[in-house]
Amino acid sequence: MNQLTKLLEAALYSASRPLTLNELKALDATASKGDIQAALEELRVLYDSGDHGVELVQVAEGYQILTRPELAEAIADARIAQRPRKLSGAAMETLAIISYRQPVGRAEIEEIRGVAADGVLRSLTERGLIDVAGRGEGLGRPLLYGTTPKFLEMIGLADVSQLPRLEELAVALTPVVDRFGDEDDVQEDVLTDAEVEKPHVVETTAVEADVGPATAEQPTEDS
């Protein structure tokens with residue numbers, strides 16, 4: 001491992017968030033972006049070929065050293081790592097709508113969900129998962145919202161183009177029918193809040209909001 005690779009490894013290990021190429025380049029003024037990318041590839045191969053418990057991944061427009069997915073559950077069960085505060089169902093629905101329709105305004109979100117969105121939009125903004133992406137052309141030029149790099153970091157993707165296609169989600173959300181039972185016995189799969197926090201997993205629970213208006217729900221801290 002050369003000196004530049006060691007330097008990048010130390011920086012990535014110390015950082016609590018993904019680091020961009022520009023941030024990594026600042027560690028060595030003499031290194032080009034090509035040098036940085038070559039060093040990152042050397043580090044990635046090292047972790048993949050050495051049977052390590054961590055891996056180098058490209059996520060949220062940057063790079064980060066993360067626990068391998070197959071080990072994450074054991075670490076979570078032991079409560080060693082600090083776990084982020086869970087998102088409510090309302091927040092997950094709103095976040096899914098924004099991620100697929102961005103930039104999108106509050107009125108469109110409320111039309112899809114069937115409930116007011118002011119509180120949940122404020123909560124998601126405070127948590128850094130969404131931000132104002134511009135203004136619409138309609139009356140009053142309403143604010144339009146989009147997701148942030150922190151959202152990509154939460155779901156373990158490099159950019160929004162890696163989100164599952166809507167047709168794939170439609171299949172994933174189809175109720176499972178017991179081939180030996182009646183249709184009246186069909187039960188839909190429901191994802192728990194704990195599943196939201198698993199690394200490298202794209203949460204699909206909320207995308208049901210894209211199919212039609214949500215039903216009335218009890219108020220939560222995010223709604």
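Author: Let's kick off with a definition: two strands pair if DSSP finds at least two bridges between them. The model you're looking at is a predicted one.

Reader: Okay, so how many bridges join strand E3 to E5?

Author: Strand E3 covers residues 104–105, and its partner E5 runs antiparallel to it. In one of the bridges, Val-104 is matched with Tyr-145 of E5. Pairing takes at least two bridges, and the number joining E3 to E5 is 2.

Reader: Which residue in E5 is the bridge partner of Gly-105?

Author: Stay with E3 and E5, which run antiparallel. Val-104 has Tyr-145 as its partner in E5. For Gly-105, the partner in E5 is Leu-144.

Reader: And how many bridges are there between strand E4 and E5?

Author: Strand E4 spans residues 130–135, and E4 also pairs with E5 in the antiparallel sense. Here Gly-134 has Leu-144 of E5 as its bridge partner, and Leu-144 is also the partner of Gly-105. The bridge count for E4 and E5 is 5.

Reader: In what order do the 3 strands of the open sheet come?

Author: E5 has bridges to E3, and E5 pairs with E4 too. Together they make an open sheet with antiparallel pairing, in the order E3-E5-E4. The strands that pair on one side only, the edge strands, are E3 and E4. So, reading across by who pairs with whom under the two-bridge rule, the order is E3-E5-E4.

Reader: How many of the residues of strand E5 are buried?

Author: Buried means under 20% relative accessible area. E5 runs over residues 143–147 and is mostly covered. For comparison, 34% of the 223 residues in the whole protein chain count as buried. In E5, the buried residues number 4 of 5.

Reader: Let's hop to the hairpin. Which residue in the turn has a positive phi?

Author: The hairpin is built from E1, residues 54–59, and E2, residues 62–67, which pair antiparallel over 6 bridges. Across them, Glu-55 stands opposite Leu-66, and Val-57 faces Gln-64. There are 2 residues between the strands, and the one with a positive phi, about 50 degrees, is Ala-60.

Reader: Now the helices. Are H5 and H6 parallel or oblique to each other?

Author: H5 (residues 89–101) and H6 (residues 106–113) pack at an angle of about 120 degrees, with their axes 11 Å apart. Roughly perpendicular stops at 115 degrees and roughly antiparallel needs over 145. That angle falls in neither range, so H5 and H6 are oblique.

Reader: How many charged residues are in the contact of H5 with H6?

Author: H5 brings Ala-90, Glu-93, Thr-94, Ile-97, Ile-98 and Arg-101, while H6 brings Glu-108, Ile-109, Ile-112 and Arg-113. Glu and Arg are among the residues that count as charged. Next to 5 nonpolar residues and 1 polar one, the charged count is 4.

Reader: What about H5 and H7: oblique or roughly perpendicular?

Author: The axes of H5 and H7, the helix of residues 118–126, come within 10 Å and cross at roughly 80 degrees. Angles of 65 to 115 degrees go in one class. H5 and H7 are therefore roughly perpendicular.

Reader: How many residues in the contact of H5 with H7 are nonpolar?

Author: On the H5 side you'll find Ala-90, Ala-91, Thr-94, Leu-95 and Ile-98, and they meet Val-120, Leu-121 and Leu-124 of H7. Ala, Val, Leu and Ile are among the residues that count as nonpolar. This contact has no charged residues and 1 polar residue, and its nonpolar count is 7.

Reader: Last one: is Met-154 buried or partly exposed?

Author: Met-154 lies in helix H8, residues 149–155, and leaving out residues up to four places away in sequence, Met-154 touches Leu-87, Leu-95 and Leu-129. The C-alpha atoms of Met-154 and Leu-129 are 8.6 Å apart, though 25 residues separate them along the chain. Buried would need under 20% relative accessible area, and exposed over 50%. Met-154 has 28%, so Met-154 is partly exposed.

Note on methods
Residues are numbered from 1 along each chain as its sequence is written. This is a predicted model: local features need pLDDT of at least 70, side-chain atom pairs count only at pLDDT 80 or more; totals for chains, interfaces and linings use all residues. Side-chain values use heavy atoms; hydrogens and water are left out. Axes are lines fitted to C-alpha atoms, for helices over the stretch in contact, and angles run from 0 to 180 degrees between N-to-C directions. Angles under 35 degrees count as roughly parallel, over 145 as roughly antiparallel, 65 to 115 as roughly perpendicular and the rest as oblique. Contact means heavy atoms within 4.5 Å. Buried means under 20% relative accessible area, exposed over 50%, partly exposed in between (1.4 Å probe, protein chains only).
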